[in-house]
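Visitor: I would like a close look at one part of this structure, the place where the ligands sit. Please go through it step by step and then place it in the rest of the chain.

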Amino acid sequence: MPKLLLIEAMGNTGEYVLDAARELNVEVIVVTHQDVHDEWYSETLKAKIAADAKLVFTDFSDSEGALRQLAELARVEGVNGAVACWEFLTPLVARLTADLGLPGNDPTRALSCRNKRIMARAFAENGIPAPMTVAARTIEEAYALVRTAGLTCPVVVKPSEQSGSWGVSVVESDEELATAFTTAQSHLFQMPHGIPLDPHVIIQEYIGGVEFSVETVVAGGVATPLFPYDKFTTGGAIRAEFGHTVPAELDEASVRTLQQAAVAAAEALGITNGVAHTELKLLPDGTTRIIELGARLPGDHVVALMRQARGIDEAKIYVQLALGLVPSLAPTADTAAGIRFLTPPRGGVLRSVSGIGTSAAVAQSRLTVQPGGQVRPPGDNDSRVGYVILHADTAAEVNAAAAQVLTDVTVEVD
Ligand SMILES: Nc1ncnc2c1ncn2[C@@H]1O[C@H](COP(=O)(O)OP(=O)(O)OP(=O)(O)O)[C@@H](O)[C@H]1O
Ligand SMILES: [Mg+2]
């Protein structure tokens, strides 16, 4: 039985990888921090690990120590592959697999998949279409660099290393830049592992147009893009994803443009064996700009949407790639699926969620905060109280049913 290290199962892709490994008859060793396991893992995830996997604790805030411990563990256990299910740990996994001679990504470029400052530099050096970006340590430096680069508002301000749209602001005036900068620089450790983060703040050209995501599968250096899918994000100063629809309804030329850019980006950032999740904008003139790429599975239950819509299980593909196997990417269904997040009108205590309705397209609905639980004001991804998954023959049907659900649903907060 092949053995896989699953490095940090927290977040919604860990469970998909555990399920895929069980189906593939792969033995899993989950690596996390004991406090993270005890305080952050859901009861379902803990039960799944207790039933199917081995559990090992480490301290990711000491990356060199964790690397030594995991390399030793992998040798003793005779591990055949390693995957990261937590984006912050993708550079560590690239170094680990390289040290062990296992399939993986280029460790010398792995930080460029995680740190947006280094990513922007790699995109510029490799001619990858991306927003013009400067990186500053202080507000004074930010104003000076913005002026020298000729960047004009709106601009996007974000931490070099965060996720979940945390600390990302769209800034409309020079005066707002200072506040956005302070917000972006206010958390210099990743939670909950305490990994130290790059203190640079990046300031980017604002890219208009429509946003999509593309998954790219790289097997032994050969990159294959999957179909683009919609990424729906709120407007305004703070952006948060409110849903995805798989696949997007797009003309062939646009599909090709997005796929070519995703493949070029994966190659530029050293994805040599694994999956890449790329977020891109398509402009009215038919060109694209890459917003970011992660050397990981997509979040937000997109793995389930792809499986439902097309019969493609990216978690299974990820496990197969990590073990040096060549996965099949052939779709076995030709339908569409979507997810929409439910958010409260304001912060407070959740009283109820009602009105999701009984449309045949609603495949699943779930509250992630129970009535009586605290909810945050709408803004970033942490304010979600639940989600609805929809499934239908076409993306247009999914989007129409989703729009109806979002109109009808009432989230009551005290
Ligand atoms: N340069 C840009 N131009 C236009 N919109 C942008 C730009 N950068 C970011 N955004 C918007 O803000 C969102 C969040 O930004 P980004 O993906 O860089 O942050 P993140 O923390 O990695 O977020 P997430 O994990 O939610 O994807 C993007 O999906 C996009 O909608
Ligand atoms: Mg993003």
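Guide: Start with the residues that come nearest to ligand 1: they are K116, K158, E211, K231 and E292, out of 23 residues around the ligand. The model is a predicted one, and the distances below are computed from it.

Sorted by character, the shell around ligand 1 holds ten charged, six polar and seven nonpolar residues. Some contacts can be picked out one at a time. The side chain of K116 has an N or O atom 2.7 Å from an oxygen atom of ligand 1. With G164 the backbone takes part: one of its polar backbone atoms is 2.7 Å from an oxygen atom of the ligand. E241 offers a polar side-chain atom, 3.2 Å from an oxygen atom of ligand 1. As for cover, ligand 1 on its own has 600 Å² of accessible area, and the protein covers 97% of it.

Next, where in the chain does this shell come from? Five strands each supply at least two of its residues: β6 (155–159), β10 (201–205), β13 (229–233), β15 (274–282) and β16 (288–294). The domains give a broader view. The chain is divided into four of them: domain 1 (3–102), domain 2 (132–205), domain 3 (209–334) and domain 4 (337–414). Ligand 1 lies between domain 2 and domain 3, because both of these give residues to its shell.

The second ligand is a magnesium ion, and its protein donors are E279 and E292, each through an OE atom, at 1.8 to 2.1 Å. These two donors link distant parts of the chain: E279 belongs to strand β15 and E292 to strand β16, with their positions 13 residues apart in the count. Are the two donors buried or exposed? A residue counts as buried when its relative accessible area is under 20%. E279 has 7%, so E279 is buried. E292 has 13%, so E292 is buried as well. E292 also appeared earlier, among the residues that come nearest to ligand 1.

Now follow the backbone into the loops beside some of these strands. Most peptide bonds are trans, and most residues other than glycine have a negative phi. This chain has some exceptions. The peptide bond from C153 to P154 is cis, with omega near 0°, and P154 sits in the loop between α7 (139–149) and β6. Strand β6 is one of those that supply at least two residues of the shell. In the loop between β6 and β7 (169–171) is S165, whose phi is positive, near 60°. A second cis peptide bond runs from V246 to P247, with omega near -10°. P247 is in the loop between β14 (241–246) and α9 (252–268). Another positive phi, near 60°, belongs to N25, in the loop between α1 (12–23) and β2 (27–32).

Domain 2 also holds a side-chain contact that can be described separately. Q190 is in strand β8 (residues 189–190). The side chain of Q190 makes a polar contact of 3.2 Å with the side chain of H193. The relative accessible area of Q190 is 1%, so Q190 is buried.

Last come some pairs that are separated along the sequence. L4, in strand β1 (residues 3–7), is 78 residues from A82 in sequence, while their C-alpha atoms are 5.4 Å apart. L4 has a relative accessible area of 0%, so L4 is buried. T44 is in helix α3 (residues 43–52), and its C-alpha atom is 8.8 Å from that of E15, 29 residues away along the chain. With a relative accessible area of 49%, T44 is partly exposed. E23, in helix α1, and K316 are 293 residues apart in sequence, and their C-alpha atoms are 8.4 Å apart. E23 has a relative accessible area of 55%, so E23 is exposed. On the scale of domains, the centres of domain 1 and domain 4, taken over C-alpha atoms, are separated by 31 Å.

Terms used:
Residues are numbered from 1 along each chain as its sequence is written. Chains are lettered from A and ligands numbered from 1 in the order in which they are written. This is a predicted model: local features need pLDDT of at least 70, side-chain atom pairs count only at pLDDT 80 or more; totals for chains, interfaces and linings use all residues. Side-chain values use heavy atoms; hydrogens and water are left out. A residue is near a molecule or strand if one of its heavy atoms lies within 4 Å of it. A polar contact is a pair of N or O atoms within 3.5 Å; within protein, one must be able to donate a hydrogen and the other to accept it, and residues adjacent in sequence count only if both atoms are side-chain atoms. Accessible areas come from the Shrake-Rupley method with a 1.4 Å probe; for residues, only the protein chains shown count as cover. Helices (H or I, at least four residues) and strands (E, at least two) are DSSP runs, numbered from the N terminus. Ala, Val, Leu, Ile, Met, Phe, Trp, Tyr, Cys and Pro count as nonpolar, Asp, Glu, Lys and Arg as charged, and the others, Gly among them, as polar. Domain bounds come from an automatic or database domain assignment. Donors are N, O and S atoms within 2.8 Å of the metal (3.2 Å for Na, K and Ca); water is not among the atoms, so sites may look incomplete. Buried means under 20% relative accessible area, exposed over 50%, partly exposed in between (1.4 Å probe, protein chains only).
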